[in-house]
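Please look over the sequence and the structure shown here before reading the report on the fold and on the confidence attached to its parts.

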Amino acid sequence: MTRFSILLICCLFFFIPGLFAQQDSTAVIDTTKPVIPDTVASQTPVVDLSDSFSKKPVVADSGWQVDKSMPLIYQVMKGNPYYGFGTRPTVIPVSDLKVFNGKELLFYVLIALLLVFALIKQAFPKYFTDLFRLFFRTTLKQRQVREQLMQTPLPSLLMNGFFVICTSLYATFLFLHFRLIDEADFWLYFLYSCLGLSAIYFVKFVGLKITGWIFGIEEAANAYIFIVFIINKVIGVFLLPFLLLLAFLTSGGYQAALVLSWIGVGGLFLYRFILSYSAVHNQVRFNLFHFFLYLCAFEIAPLLLIYKLLLVVFQ
């Protein structure tokens, strides 16, 4: 029995270390993790895996006491350690106010003129039909059309005002083109042009009425006044698209629009003289030379005097 015990102890002494060595050699290797060679592992930077979340700031006890004179919510926000409600706000400097010195007002005025013309045309379509039929003299006789137009004084008055505004704008563009005025004074001289043009045609209307009454040629005077104001209305309509071009075109396009407007306005004035001569000559016998003297004295000379006055005043 003693020999058997000694033999068992010797076997355990020799075989147990072998069992532990075998267990180490047959250890299970985790294949889910990549095997990194020693050279790569040695080059991999060490990542700090410490908590990257913000922590409560270390704030020393300031001995804050509740102030009963202030709302509690304000005091809590002011003493908040996470947000600086108690600090002064950051002042962002305000940029300078951008001032636009463009043609916005002129654009709106021209749009208003277009709308006014469209409204008058839609409100009085028959008046415009008779107006252009008389202008081109295609159908009815002049006396019949004149009687039809005189029966509608409201559109006639509106179109006379439309002519004054369009012609005054055109004259102001000419003043600006020939550098008689500064661009800053554009609207002031537009107002002067409206007042001056209204005064000129009012004096002309009253003077022709008085002249016709004095010399007993009221019918001829009325015919001449009618033709003058009919052509003026057509001139106002003719100048409207050129006002848009002169307002926004530059260089070559501006010069072309200006020359075309001169040709058109000159042709309309010449046509007015021809119609006036034919209408008045049928009622009053006079020489063509006398009519030419009248044009020079009452049509051309006032324009030259106004131009000379502008040169003296603005130079």
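The report below takes up the overall make-up of the chain, then confidence, then one helix in detail.

This is a predicted model, and its protein chain holds 11 helices and zero strands, so that the elements, read from the N terminus on, run α-α-α-α-α-α-α-α-α-α-α. Of the 315 residues in the protein chain, 27% are buried, while the accessible surface comes to about 23,400 Å², with 69% of that area belonging to carbon and sulfur atoms. Among the contacts with a separation of 6 or more, 68% are made by residues 24 or more positions apart.

Confidence varies along the protein chain, whose mean pLDDT is 76, with 71% of the residues reaching 70 or more. The table sets out the two helices at the ends of this range.

| Helix | Residues | Mean pLDDT |
|---|---|---|
| H2, lowest | residues 38–43 | 47 |
| H4, highest | residues 104–123 | 93 |

Over residues 18–42 pLDDT stays under 50, and for this stretch the model has one contact beyond four places in sequence. Where pLDDT is low, the predicted coordinates should not be read in detail.

Helix H9, residues 218–248, has 31 residues and should, at 1.5 Å a residue, span 45 Å, which agrees with the 45 Å between its end C-alpha atoms. H9 nevertheless bends by about 35° at Leu 240, and a proline, Pro 241, follows within four residues. H9 is also mostly covered, with 23 of its 31 residues buried.

How values were computed. Residues are numbered from 1 along each chain as its sequence is written. This is a predicted model: local features need pLDDT of at least 70, side-chain atom pairs count only at pLDDT 80 or more; totals for chains, interfaces and linings use all residues. Side-chain values use heavy atoms; hydrogens and water are left out. Helices (H or I, at least four residues) and strands (E, at least two) are DSSP runs, numbered from the N terminus. Buried means under 20% relative accessible area, exposed over 50%, partly exposed in between (1.4 Å probe, protein chains only). Contact means heavy atoms within 4.5 Å. Accessible areas come from the Shrake-Rupley method with a 1.4 Å probe; for residues, only the protein chains shown count as cover. pLDDT is the predictor's confidence in each residue, from 0 to 100. The expected span of a helix is 1.5 Å times one less than its number of residues. The bend at a residue is the angle between axes fitted to the seven residues ending there and the seven starting there.
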